[in-house]
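Let's take a walk through this structure, one neighbourhood at a time. Keep the 3D view open and turn it as you read.

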Amino acid sequence: MFKKTLILFSLLSCVSCDVERTPQSVAPPQETSGLRTGQVKLEKTLIHNATIYTMDIGFSTADAILFDSSGRIHNVGDEQAMLEAFPDAMRIDLRGKTLIPGLIDSHAHLYGLAISLSQAQLRDTGSKEEVIQRLREQEKHLADGDWLLGRGWDQNDWPVREFPSRSDLDSAFPERPVWLRRIDGHAGWANSAALAMSDQDLSGVWQPQGGFIYRDADGQASGVLVDGAMEMVEKAVPEISKELLQASLGLALQQLVSLGLTGVHDMGIDRSALDLYRQRIEAGQFPTRVYTFTDGAGETLDWLCRNGAYEDASGRLYMRATKLFIDGAMGSRGAALLADYSDDAGNSGLLFMPPEDLEAKIEKAMTCGFQVGVHAIGDRGNRVALDALEASMQKFPDNPGRHRVEHAQTLTAEDIRRFAELDIIAAMQPTHATSDMYWVEDRLGSERVLYAYAWRSLLDSGARLALGSDFPVEQVNPMLGIHAAVTRQDTKGWPEGGWYPQENLSREEAVRGFTRDAAYAGFMEKSVGSLESGKRADFIVLDQDIFEIEASDIASVKVLQTWLDGELVYSYPRFRPVIKLVGWL
Ligand SMILES: [Zn+2]
């Protein structure tokens with residue numbers, strides 16, 4: 001009795017805690033009820049008076065859900081019948097709120113988000129002056145000798161849409177090295193002090209393999225380094241301290257659950273990141289499920305091959321897949337196109353490696369029985385990725401498959417059909433379309449743009465879509481992704497009617513891409529992704545009915561509660577459901 005009352009108290013204390021709902025100030029894990037491992041849970045919990053979308057194959061709805069202390073769903077169904085059948089369960093009356101499966105971001109960078117939370121955030125800066133302002137703020141937290149790091153700038157947001165230079169930074173930061181990654185992570189902007197830390201002479205006319213050094217009229221590096229050139233500065237950046245990293249990871253995880261993400265596919269991490277996650281799991285501070293990909297076909301893959309697929313006993317951490325790259329990004333013209341960029345004659349982008357090298361890396365992962373995800377943005381990048389996957393899949397017929405093209409952003413009509421034919425998953429990020437729609441037609445022209453961000457065409461061809469955000473490239477909030485998928489408009493409703501709206505998804509399709517199909521893309525559809533008996537009780541409570549409200553309101557839907565394995569891991573401070581322990585109090 002004492003223990004049961006203790007749980008009730010902790011549920012109540014969480015739902016009434018008074019903290020602002022911002023990523024930086026959400027309650028730390030130990031203040032929510034569900035995060036401490038070893039805590040005794042109630043035998044059965046019945047959530048009722050809810051509008052439940054199960055996201056099962058028949059898109060069925062219900063108004064009550066029962067789960068047990070093992071964290072598994074017992075029953076989903078009719079409220080009255082379940083109230084009568086389970087009189088001893090703790091009851092939570094949701095007062096008509098909407099309940100859906102926990103959302104899964106099928107392409108994101110959790111480790112990258114943690115790192116980015118330790119750096120200056122330069123997203124949505126309106127000018128270079130605003131960048132300097134934010135950097136000055138960040139510098140206040142730094143010790144002498146520290147580098148000033150940042151990410152998120154995009155020259156397309158500034159009055160003059162040109163790449164910046166080192167001189168823009170030098171007068172404010174003459175001595176401290178400054179290194180700022182572009183929003184897509186495919187270019188970096190350095191001041192003179194950072195360029196001077198490179199162990200290579202960046203002047204002259206030479207260019208590195210798979211990269212580009214911008215230079216001024218005197219042949220000196222002007223400050224922006226693209227793709228393969230970035231490492232020339234990056235390898236001089238000192239390592240972040242373990243303490244700052246763990247603290248930033250804690251913030252990142254809390255941000256995820258406060259936005260309804262019970263799952264993330266983490267695209268490309270190494271062993272040290274996996275170890276960082278494991279430490280948090282051991283400490284009982286890991287409130288989401290993370291399915292990780294190795295960072296390419298190097299050391300991490302070798303280690304995984306030797307030891308076999310990693311699956312943590314907690315069911316919250318996996319590594320059984322490999323992330324590879326074939327090209328860069330559209331914004332920095334690093335995506336490989338079949339023909340020149342429409343706004344840059346003579347430039348058709350870059351392949352990161354010859355096609356046969358990609359194939360060799362894919363085969364290395366398949367030899368170990370793993371899944372492969374290949375980043376491909378341009379139509380040439382996608383063709384090379386599909387060709388390489390197709391050839392490798394024929395050589396490894398026993399591999400469990402579910403291989404993926406990450407982004408699948410610009411395709412040709414004939415390559416769109418190949419996804420379904422080859423049973424390759426298109427792992428796509430709807431907010432990329434709404435972020436890029438202001439300028440991407442300049443890059444691609446009016447013909448090729450018809451096959452870009454082609455979710456509807458892919459779905460109609462029989463392909464499976466796994467949706468995500470690519471955070472921290474885009475914002476973490478999955479509601480923005482669902483809104484973008486359904487409307488192809490920005491959150492201000494531009495453009496009217498949507499950007500190439502023939503590619504819009506329905507709400508059911510969009511949510512499916514963030515739940516059931518994302519679970520499938522991570523081999524987890526038997527345990528998560530829909531609310532059905534026997535599955536894990538991973539679900540979220542929303543303040544509005546995402547399937548009924550105006551489409552324009554989807555982006556503002558708030559998460560009131562997030563549950564993982566039947567434990568409450570996040571609660572919106574002002575949300576107070578009615579909780580009853582029938583027959584106990
Ligand atoms: Zn990514």
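Helices (H or I, at least four residues) and strands (E, at least two) are DSSP runs, numbered from the N terminus. With that naming in hand, P495 sits in the loop between α17 and α18 (507–513). One more thing before we go on: this is a predicted model.

Let's stay with P495 for a moment. The peptide bond that joins W494 to P495 is cis, with omega about -10°. There is another cis bond to look at, from F471 to P472, where omega is near 5°. P472 belongs to the loop between β20 and α17. As background, most peptide bonds are trans, and most residues other than glycine have a negative phi.

That second point about phi is worth a look here too. R488 isn't a glycine, yet its phi is positive, at about 45°. You'll find R488 in the loop between α17 and α18, and it is buried, with a relative accessible area of 1%. F59 also has a positive phi, near 50°, without being a glycine. F59 lies in the loop between β1 (44–53) and β2 (61–68) and is partly exposed, at 24% relative accessible area.

Now for the metal. Which residues coordinate the zinc ion? They are H107 and H109, each through NE2, and D470 through OD, at 2.1 to 2.2 Å. Along the chain, these donors are spaced H-x1-H-x360-D. H109 and D470 thus link distant parts of the chain, 361 residues apart: H109 is in the loop between β6 (103–108) and α3 (110–117), and D470 is in the loop between β20 (465–467) and α17 (478–487). Are these two residues buried or exposed? H109 has a relative accessible area of 18%, so it counts as buried, and D470 is buried as well, at 7%.

α3 turns up again at the second largest pocket, which holds about 410 Å³ of space. Its lining has 20 residues, and those nearest the centre are Q121, R123, Q255, Q475 and V476. Two elements, α3 and β8 (148–153), give two or more residues to this lining. The biggest contribution is from α3, with three residues. By chemistry, the lining of the second largest pocket has ten nonpolar, seven polar and three charged residues.

β8 leads us on to a sheet. Six strands make up this open, mixed sheet, in the order β7-β8-β9-β10-β12-β11. β7 (120–121) and β11 are at the edges with a single partner strand each, so one side of each has no neighbour in the sheet. Strand β12 (residues 221–227) has seven of its seven residues buried, so the rest of the structure largely encloses it. On one side, β12 runs antiparallel to β10 (residues 187–190), joined by three bridges; G188 has L225 of β12 as its bridge partner. With β11 (residues 211–215), β12 is again antiparallel, this time over four bridges. Here I213 stands opposite L225, while R215 stands opposite A221. The hairpin of β11 and β12 has five residues between the strands, and in it G219 takes a positive phi near 85°.

Another enclosed strand is β17 (residues 371–376). Six of its six residues are buried, so β17 is largely surrounded by the rest of the structure. In a regular strand, side chains alternate between the two faces of the sheet. Accordingly, look at both faces of β17: Q371, G373 and H375 point one way, V372, V374 and A376 point the other way, and all are buried. β17 pairs in the parallel sense with β16 (residues 317–325) over five bridges, and L324 has V374 as its bridge partner.

Helix α10 (residues 299–307) makes a nice contrast. Which of its residues are buried? T300, L301, W303 and L304 are. These four cover an arc of only 160° around the axis, so they lie on the same side of α10. E299 and R306, on the other side, are exposed.

Last stop: Q409, in the loop between β18 (404–407) and α13 (413–422). Q409 is buried, with a relative accessible area of 4%. Its C-alpha atom is 34 Å from that of N307, which is 102 residues away along the chain.

Methods: Residues numbered from 1 in each chain as written. Predicted model: local features only at pLDDT ≥ 70, side-chain atom pairs only at ≥ 80, totals over all residues. Heavy atoms only, no water. Donors = N, O, S within 2.8 Å, 3.2 Å for Na, K, Ca; no water. Buried < 20%, exposed > 50% of the residue type's maximum accessible area, 1.4 Å probe, protein only. 1 Å grid on protein atoms, 1.4 Å probe; cavity = no way out; pocket = protein on both sides within 12 Å on 5 of 7 lines; lining within 4 Å. Points joined across faces, edges and corners; volume = space filled by probe spheres on them. Nonpolar A, V, L, I, M, F, W, Y, C, P; charged D, E, K, R; others polar. Pairing = 2+ DSSP bridges. Arc of directions from axis to C-beta.
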